[in-house]
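Reader: Please give me a close look at one part of this model, and then follow the chain of neighbours outward from there. I work at the bench, so a plain account in connected sentences would suit me best.

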Amino acid sequence: MTSTPTRSQADDEFEGKIAFITGGGRGQGRCHALALAAAGADIAICDIEEQDPEMPVPTGAPGDLDTTRRQVEALGRRCLSAVADVRDRVALNGFVDSIMREFGRIDIAVANAGIYSAAPIHQMPDHQFDAVLQTNLTGVYNTIRAVAPIMVEQRSGRIIATASGAGRLGLPNLAHYNASKWGVIGLVKGSAIDLGRYNISVNAVCPATIDTPIVRNEFTRRLYNPELENPTDADVDRKILSGGKVPMPVAMLQPEEITNAVLFLASDRAKYISGSTIDVGGGYAASHT
Ligand SMILES: NC(=O)c1ccc[n+]([C@@H]2O[C@H](COP(=O)([O-])OP(=O)(O)OC[C@H]3O[C@@H](n4cnc5c(N)ncnc54)[C@H](O)[C@@H]3O)[C@@H](O)[C@H]2O)c1
């Protein structure tokens, strides 16, 4: 009689590894956490779990981290979680200290937390510009800065930052978001040079539009469909499909598609890939260099 395996061989790829993911409460961050856990890693996640009243797109809410943590634990892996704002260096460094106390190392760091809003540059609320830059760019810096000394000491590590298709070109109403995500790519390239000698790779993933709460909300439905009184998610998808920017027949990709790229970059198969960006967006990248 053969027993049913609970895990395949590939599922043990990250056995013994410790992965830290910012913005792990929901969306892509949760998806990365669960996939890494399913492949053997123990997980540390942080999230802000709090809404900035001056930002129009809802961020995560209390309970999100707990949900991810329970799902990780259901896969038989350990999960350390904390409410921490990636803009807050003291909080982030404090959480990294906790990870080290709990797990003793950090092998993989995914700087994923991010926010967006939308306004033309001549009407951009300064607060929104500052919040987007501080979260999406400085937050990635803070994450790299917190984990890099540990990885240098270990003489190994994988850092993966979430940039965006919006980090490769300009988009209407998104100059602040464009600036933050172009900045992430620059940060990744410079960091890859500084950290390469310590056997640490630093790369970026550039998602196009992904089916997560950052875009599945009322603000985004109205942004894409200002002419409609009650726009739906399907109206957003129709706009994307008719916009001509994504050659493959897909409006929004599922977060698992980005997770596949993150796991590849974290894996041995990518050990000499560093300073690179991987675009995942149904061919969105084909129209820019
Ligand atoms: N969904 C898309 O279409 C898309 C496309 C390109 C890039 N991205 C990027 O992907 C990343 C993940 O986004 P997502 O699609 O999972 O959206 P999401 O909103 O579902 O997840 C983002 C998570 O980050 C958290 N977060 C926000 N600000 C934070 C802060 N200051 N400190 C800690 N956590 C914070 C949120 O609470 C949320 O849980 C972001 O960097 C985003 O900019 C998303």
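Author: Happy to, and let's begin at Asn173, which sits in the loop between strand 5 and helix 5. Please keep in mind that this is a predicted model. The backbone of Asn173 catches the eye: its phi is positive, about 70°, although the residue is not a glycine. Its relative accessibility is 29%, and because this falls between the 20% and 50% cut-offs, Asn173 counts as partly exposed.

Another residue with this backbone feature is Arg155, also not a glycine, with a positive phi of about 60°. Arg155 belongs to the loop between helix 4 and strand 5 (157-162). With 46% relative accessibility, Arg155 is partly exposed as well.

Now back to Asn173 and a neighbour of it. Asn173 is among the residues that Ser117 touches, a list that also includes Met55, Pro56, Val132, Leu174 and Phe219. Ser117 lies in a loop too, the one between strand 4 (108-111) and helix 4 (126-154). Is Ser117 buried or exposed? Its relative accessible area is 0%, under the 20% cut-off, so Ser117 is buried. The side chain of Ser117 makes polar contacts there: one reaches the side chain of Gln128 at 2.7 Å, and another joins it to the side chain of His176 at 2.8 Å.

Phe219, one of the residues touched by Ser117, leads us to the aromatic rings. How many aromatic pairs does the structure hold? There are three. One of them is formed by Phe20 and Phe95, edge-to-face, with 5.6 Å from centre to centre and 65° between the planes. This pair links distant parts of the chain, since Phe20 is in strand 1 (residues 18-22) and Phe95 is in helix 3 (residues 89-103), 75 residues apart. Phe20 and Phe95 are both buried.

Phe219 itself pairs with Tyr116: the ring centres are 6.1 Å apart and the planes stand at 70°, so this pair is edge-to-face too. Here again distant parts of the chain are linked, with Tyr116 in the loop between strand 4 and helix 4, Phe219 in helix 6 (residues 218-224), and the two positions 103 residues apart. Tyr116 is buried at 7% relative accessible area, whereas Phe219 is partly exposed at 23%. Together with Tyr177, these two residues form one aromatic cluster.

Tyr177 then takes us to the ligand. The ligand is surrounded by 30 residues, and Tyr177 is one of the closest, along with Arg26, Asp47, Ala208 and Thr212. Helix 5 (175-195), which follows the loop of Asn173, supplies at least two residues of the shell around the ligand, and so does helix 1 (27-38). In character, the shell divides into 13 nonpolar, twelve polar and five charged residues.

Oxygen atoms of the ligand have polar partners in the protein. A polar side-chain atom of Thr212 is 2.5 Å from one such oxygen, and a polar side-chain atom of Arg26 is 2.7 Å from an oxygen of the ligand. Gly60 takes part through its backbone, with a polar atom 2.8 Å from a ligand oxygen. Of the 830 Å² of accessible area that the ligand has on its own, the protein covers 98%.

Key. Residues are numbered from 1 along each chain as its sequence is written. This is a predicted model: local features need pLDDT of at least 70, side-chain atom pairs count only at pLDDT 80 or more; totals for chains, interfaces and linings use all residues. Side-chain values use heavy atoms; hydrogens and water are left out. A residue is near a molecule or strand if one of its heavy atoms lies within 4 Å of it. A polar contact is a pair of N or O atoms within 3.5 Å; within protein, one must be able to donate a hydrogen and the other to accept it, and residues adjacent in sequence count only if both atoms are side-chain atoms. Accessible areas come from the Shrake-Rupley method with a 1.4 Å probe; for residues, only the protein chains shown count as cover. Helices (H or I, at least four residues) and strands (E, at least two) are DSSP runs, numbered from the N terminus. Ala, Val, Leu, Ile, Met, Phe, Trp, Tyr, Cys and Pro count as nonpolar, Asp, Glu, Lys and Arg as charged, and the others, Gly among them, as polar. Buried means under 20% relative accessible area, exposed over 50%, partly exposed in between (1.4 Å probe, protein chains only). Contact means heavy atoms within 4.5 Å. Rings of Phe, Tyr and Trp (its six-membered ring) pair if their centres lie within 6.5 Å; planes under 30 degrees apart count as stacked, over 60 as edge-to-face and the rest as tilted. Lists of a residue's contacts leave out its neighbours within four places in sequence.
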